[in-house]
Amino acid sequence: MTQNTTEKTTEKTPVTLLGLGAMGTALARAWLAAGHPLTVWNRTPARAEALAAEGAKTAATAAEAVAAHRLVVVCLLDDASVEEALAGVDLTGRDLVNLTTGTPEQARTRAAWARARGARYLDGGIMAVPPMVGVPEAGGYVFYSGDRELFERHREALAVPVGTTYVGEDAGFAALHDVALLSAMYGMFAGAAHAFALIRREDIDPVSFAPLLADWLVAMAPSVHQTAEQLRSGDYTKGVVSNLAMQVAGTPTFLATAEGQGVSTELLSPYFALMRRRLAEGDGAEDLTGVVDLLAR
């Protein structure tokens, strides 16, 4: 009896995985390495051959793969691919975890679609690239939203490839968190591109300049906490060091410097225009937080 109990407690959750692109294959290998029984399906069967040699079972159809296990993870190209792959497939009693990149509205629609077919649904936003999967120290994770009970039931299995962060029962929240963070990333990339463009034609080594830029961005990053507190309280003047009026007054210097360096201002001008609008409508003593309200109208 003791031996059987031990075997039951150490048994790994079986996983079905639909989609074997770069990310899907990385997920599959992480589950296999951790000892999880794995059934895989891919529209192009040849992609499953290497995983079969590593211990995965291959299914000839998506329906066969879904029927194999309760936990079904989908990692396909887009929402339309999910619709196509699972059209006519019996999802009754399945726990469907969708890691396909999509919009919040697509996730909410897909959650209702899954419930109507007798499945529980969890949406995921992957904050990692394939080389980070299965490497805990790389810091990758997945935002999850949707059925909380489903998440708790499979938390351990879902955490095998990368970490897990549950963000709410609204199925659209994982995608929203994903896109919000990536949008901030692209804003940072835009600023870095402008900075490098300013020094591009000068006798300044970009490799020597890069640490200065990186350190500056790191130093500025904590300002998001003050923005968050101001948004929560509604007081945009609390803790302000460089107020809106002062910063707007300084923008002509940035634009003139870019012009003098032969650099386009197309990355900076839209943000500066929002700052000027906020100053015209609001209080010059506040922080830059009011720009958020202009964007969210």
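Student: Okay, which element gives the most to the lining of the largest cavity?
Tutor: Keep in mind that we're looking at a predicted model. Two elements, α6 (104–116) and β6 (120–127), give two or more residues to that lining. The one that gives the most, with 3 residues, is α6.

Student: How much space lies in the largest cavity?
Tutor: Its lining includes Asp 79, Asn 98, Gln 106 and Tyr 121. The space that lies inside this cavity is about 60 Å³.

Student: By class, how many residues in the lining of the largest cavity are polar?
Tutor: Let's go class by class. The nonpolar residues number 2 and the charged ones 3. Asn 98 and Gln 106 are in the lining, and both count as polar because they're outside the nonpolar and charged groups. The number of polar residues is 6.

Student: How many cavities of 30 Å³ or more does the structure hold?
Tutor: You've met the largest, at about 60 Å³. The second largest has a volume of about 50 Å³. The count for the structure is 2.

Student: Which element gives the most to the lining of the second largest cavity?
Tutor: Look at the lining residues, among them Asp 123, Gly 124, Gly 125 and Ile 126. Both β6 and α8 supply at least two residues here. The one that gives the most, with 4 residues, is β6.

Student: Is His 194 buried or exposed?
Tutor: First find His 194 in helix α8 (residues 173–199). Its contacts, leaving aside neighbours within four places in sequence, are Ala 258, Val 263, Ser 264, Leu 267 and Leu 268. The relative accessible area of His 194 is 7%. The cut-off is under 20%, so His 194 is buried.

Student: At roughly what angle do the axes of helix α11 and helix α12 cross?
Tutor: Helix α11 covers residues 244–260, and helix α12 covers residues 269–281. Their axes come within 10 Å. The crossing is left-handed, and the angle is roughly 150°.

Student: How many residues of the contact of α11 with α12 are nonpolar?
Tutor: On the α11 side you'll find residues including Leu 244, Val 248, Phe 254 and Leu 255. Across from them, α12 brings in Phe 272, Met 275 and Leu 279, among others. The contact also has 3 polar and 2 charged residues. The nonpolar ones number 8.

How values were computed. Residues numbered from 1 in each chain as written. Predicted model: local features only at pLDDT ≥ 70, side-chain atom pairs only at ≥ 80, totals over all residues. Heavy atoms only, no water. Axes fitted to C-alpha atoms, helices over the stretch in contact; angles between N-to-C directions. Left-handed = near helix turned anticlockwise from the far one by under 90°. Contact = heavy atoms within 4.5 Å. Buried < 20%, exposed > 50% of the residue type's maximum accessible area, 1.4 Å probe, protein only. 1 Å grid on protein atoms, 1.4 Å probe; cavity = no way out; pocket = protein on both sides within 12 Å on 5 of 7 lines; lining within 4 Å. Points joined across faces, edges and corners; volume = space filled by probe spheres on them.
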